[in-house]
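Biologist: I have the sequence and the model open. Can you walk me through some of it?

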Amino acid sequence: MVDAGLLDAIVQGLITGSIIAGGALGLSLIYNIAEVPNFAHGDMITIGAYLALVFNNPAEIPFLPAFGSAPLPAAAIVGVVLAGALGAAYELTIFRKFRQKDADIITMVIVSLGLALVLRNVVLFLVGSKNIRYESASVSNTNFDFLVTGAGMTVRTTQRQAGDVVTTGLWGYPWWLLAGGLILATAVGYGVFRAYRREEGFDTVYLVPPKILGTAVAIATAIVLGALIQLAPQGTDPIVATRIGLSIKHLTIVGVVLAAMFALNVALKTTKFGRAMRATADNMDLAEVRGVDADRVQLLVWVIASMLAALAGVLTGWFATNLTPNMGFTLLLPIFAAVILGGISSPYGAVAGAMIIGVSMDVSVYLLPSHFATYRIAVAFLILIGVLMIKPEGLWGDV
Amino acid sequence: MSVLEIRGLDAGYGDLQILTDVDMTVGEGEYVTIVGPNGAGKSTAMKSVLGLTTYMDGSIALNGEDIAGTDTNTVVSKGVSYVPQSDNLFSTMTVRENLLMGAYSLEEVPEDRLREVLDRFPILEERQMQRAGTMSGGQQQMIAMGCALMVDPDVLLLDEPSAGLAPDLVVDMFDKIDEINDAGTAILMVEQNAKEALRRCDRGYVLVNGENAYEGPGTELLNDQEVRERFLGG
Amino acid sequence: MAVADFLITLVTFIAIYSLFGIGLNLKFGFTGLIDFGHVAYFMVGAYVTVVLTLPADAATYGGIGGFDLPGLFAALGPLGSLFGWVLGVVGGMVAAALVSLAVGVPTLRLREDYLAITALGIATILNTVVKDEDWLFNGPYGISGIHKPLVDVFPLSLGSFTVNMAVFGLLSVAVFAYVAYWLVNRFREAGRTGRIAMAVSVGLVSLWYFVMPAIDGGTVELTKNVLWLFDPTAGPNGGLDYDRFVLILAVGFLAGGYHWVERTINSPYGRVLRAIREDEDVPQALGKETFQYKMQGLMFGSALAGAAGALWAVNIGFVSPDQFASTITFFAFTAVIIGGTANNKGVILGTTVFWAIRNGTRFIDVPSQYSIQLAAARLILIGAILIVILYYRPQGLLGEQDYDIDLPGSATGGSDDV
């Protein structure tokens, strides 16, 4: 048996990070453009999760007639759209009014706290506190064993089917292939990086920062090569071995969040309204002078952020299997930590911050004696505090 | 018909009234300056056109249309453009993006006008993709002015365009403003540097304590004994 | 239970939470620090006091405990054990202040919203530590059997039933008289809305406290409520029971804390704190080390929270980590804001309103299956009130208080160029 090791902890951390990132994306929008440190964001996540539940598994909710259930993806979409409408409501009834009164940042914080109280308890009121789950197809976990042998590396995939552990795949990469593949991937990534980067010396703004693009391309190339060129197994007597567990669920979560991040970034950087949103974040009065309807921008910010929060809620509920009225609030601290860590002003920063927080949470749980498992959230905080002491504006500032 | 006509304007901030019964006119293609001591209300008068102040009484007409009390972002789409004294660009966005934001109130990006602006300020073309906040003070003023020109306004409102510029850049700035005016855009300018402003403009207004004090062709005001003593240092 | 007993419990809670709130108000209302982790000092004060005063043999759990200060000092005489307990409370306050010092060092230089989050994070971490480290304070099981000061003295009896009733009864009526006098004075000073509010609330309370018990239970009930200090069932001859003593203790602490803060706020020192709240750059430009002042404000406010924690422990009888969740801080913020930020009387008023809503609705008869819904509805109401007050009356019901030394009149700022 191969044990799950540090690599698995890192992978788990990336998935945790994705969940946090889902929340961080929305929060960074509100924090940056609406200038509200939104303490209700966790509960907006909860509301989104439960909205999807209404359509997916209504039987679980008291006093709702059981009107059949929709598959989770469809229910999620409906839930996200409804959450967007709620977001508009929050802006129109609450935050716009306070903005018109020129409320300061502290007032906004406490207003959002009030909203958080209301949202959380509305869920509690309507649904009660028992654990509820989504009605969705169960997904099986595949374990990837990586065995480093004298001849190279062997990869074995196993799954649990009908109670037994079944080997579903076995292949390997000899050393020369490993080395060649890694060099090729790095070269491709570097090439993309150089080609994409413009003149040196100026602070220019890119759609996707060249370093990130280069790294992403390198990793993608390595994975593609690994998937395409699978040779015979290189022996099963490992010098060193590790295991990571992955499922479609994990990949979907990471994929959805990355897609959302990319879509948001494209919207902000290339569309006219996206520019207006960034301009409003930069200097709201000047934006008005240039013809931007700041009220419309803020409305859209709240709608998009609520939709992103709802998406994060559905993913969290799906991942954690259970939904509870507190599920969003427990994520609130790591999400804030991620946004502040990554610098408020960019979606990439928020996601990067979230990944760092997620990985450090799960790696620390792995490294520390099991007794310390409950300190997961504390780790996120210690990292945030540490970073803030060195760089009070966050790691990235502007990406 | 004048491009901009202010009649009997009372305005201020919140409960504080700054302007009392102010009158001002800018004709088509005219170059008009507002000068006066600190606290006279010059910037307030300009900001009132854009709806950035608390409107109390009077009328503000743009091309004959009453715009007093209208939302800022609506006013901007009616033919007036404004370059604030400070905080006048989006420092986190590139030069090019700033210029594109200048044209926000238009349906499509006016490529020809963008071309004109870049031609008029060549350094901006060179540094299009640079983050605006990292440019020098003079260059930032150019960006701010370029933005305002993107909509080809009927009247361009400039709030102390020479503020904070080195002396040789000040002359450059005034030359550029002359050029813009020669091309047909009316100019309404608030200036601390009264001598230079009055020398170049068509007409000027002197505001004192929020009220009209003097008015007339620029050269006349420049040579007027009283005006010289009180505001131009004799 | 007689309405008087219920009221005594309620007022004790209000007194303790008001002290907690006054500590928060010092940090937030007067110095402008948003400490979302305020409950941590409540917890530290409670735990440290408990541990310092716990009898040595009662520390049956595997953890730090049982320093038994009261026992140590009991040898000095009858009030020795009380002195020992007070020493324990002081220890709790000092511990709370020291913890806030540790928290303040990394966080006070951050901008306000980051300060809020990190303070919250640290309080969460501390709570997790106390909950999970069994060796420290018995982890999630908490500590019970804590020392209650002077508990052996009570119920206090002066001799016969009649004497007790007479003496304590007279004292009760005296308190009512003083309260009535104070209310009349406030009524005279108040504006129209204030008068209406006072009339309505005093009327409702009187109805609930005097009239309804009289209707329900006749003169016996009415007498019990009027002579509230006297508990006829305490001991063979009636007298002052321990709950009433705790109430007096709590009110005494509150009065002490209130006066201490009032004197500080109205001193030149307090003026600097308030100046820092307005705009930190100004006092800094005048040469004041604002960081020191902020730290002191933080420590002082935390010490008060610690004292409240010590009282809390005595009142409840045991301490456990679940009593100190972060939502407690948010409730305190709500109370402070409703009553009036930067107004100590406002804190007391806000806490009263908050607790009245929380406990008043307990009287609503609802089938137990809906108890969760009722609790949720209460919190929805509180959240909504918070937003509404912040919009329509952000200075709270009473607004900011008047000071003996005012800050220089705030000019409407702005540049020369208008």
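Biologist: Let's start with Asn209(B). How does Asn209(B) count by burial, and with how many C-beta neighbours?
Modeller: Asn209(B) counts as partly exposed, because 13 C-beta neighbours lie inside 10 Å. A residue is buried with 20 or more other C-beta atoms within 10 Å of its own, exposed with 12 or fewer, and partly exposed in between, with C-beta atoms placed from the backbone.

Biologist: Before we go on, what kind of model is this?
Modeller: This is a predicted model, in which local features need pLDDT of at least 70 and side-chain atom pairs count only at pLDDT 80 or more, while totals for chains, interfaces and linings use all residues. Residues are numbered from 1 along each chain as its sequence is written, and chains are lettered from A and ligands numbered from 1 in the order in which they are written.

Biologist: Back to Asn209(B). Where is the place of Asn209(B)?
Modeller: Asn209(B) is in the loop between β9 (203-208) and β10 (211-217) of chain B. Although Asn209(B) is not a glycine, its phi is positive, about 50°. Helices (H or I, at least four residues) and strands (E, at least two) are DSSP runs, numbered from the N terminus.

Biologist: And Glu35(A), what is its phi?
Modeller: Glu35(A) has a positive phi of about 55°, and it is not a glycine. Glu35(A) is in the loop between α1 (6-34) and α2 (41-56) of chain A. Glu35(A) is partly exposed, because 19 other C-beta atoms lie within 10 Å.

Biologist: What about Asn38(A), buried or exposed?
Modeller: Asn38(A) is buried, with 30 other C-beta atoms within 10 Å. The loop between α1 and α2 of chain A holds Asn38(A).

Biologist: Which residues does Asn38(A) touch?
Modeller: Not counting residues up to four places away in sequence, Asn38(A) touches Leu27(A), Ile30(A), Tyr31(A) and Ser112(A). Two residues are in contact if their C-beta atoms, placed from the backbone, lie within 7 Å.

Biologist: Changing topic. At what angle do α7 and α8 of chain A cross?
Modeller: The axes of helix α7 (residues 248-270) and helix α8 (residues 272-282) of chain A cross at roughly 85° and come within 5 Å. That makes α7(A) roughly perpendicular to α8(A). Axes are lines fitted to C-alpha atoms, for helices over the stretch in contact, and angles run from 0 to 180 degrees between N-to-C directions. Angles under 35 degrees count as roughly parallel, over 145 as roughly antiparallel, 65 to 115 as roughly perpendicular and the rest as oblique.

Biologist: Which residues make the contact?
Modeller: From α7(A) they are Ala267(A), Leu268(A), Lys269(A) and Thr270(A), and from α8(A) Gly274(A), Met277(A) and Arg278(A). By class, that contact has three nonpolar, two polar and two charged residues. Ala, Val, Leu, Ile, Met, Phe, Trp, Tyr, Cys and Pro count as nonpolar, Asp, Glu, Lys and Arg as charged, and the others, Gly among them, as polar.

Biologist: Now the sheet in chain B. What is the order of its strands?
Modeller: The order is β2-β1-β4-β5 (chain B), an open sheet of four strands with antiparallel pairing. Two strands pair if DSSP finds at least two bridges between them.

Biologist: Why is one side of β2 and of β5 left without a neighbour in the sheet?
Modeller: Because β2 (16-26) and β5 (65-66) of chain B stand at the edges, each with a single partner strand. Helix α1 (residues 42-49) of chain B packs on the sheet and touches β1, β2 and β4 (54-62) of chain B; its direction makes about 70° with that of β2(B).

Biologist: How many bridges join β1 to β2(B)?
Modeller: Seven bridges join strand β1 (residues 4-13) of chain B to β2(B). Met24(B) in β2(B) is the bridge partner of Ile6(B).

Biologist: Last topic, chain C. How many helices and strands has it?
Modeller: Chain C has 15 helices and two strands. Of its 418 residues, 42% count as buried.

Biologist: How many residues of chain C are in contact with chain A?
Modeller: 32 residues of chain C are in contact with 34 residues of chain A. On the chain C side, α5 (112-132), α13 (327-339) and α15 (371-392) are the elements that give two or more residues. α15(C) gives the most, with 13 residues. By class, that side of chain C has 23 nonpolar, six polar and three charged residues.
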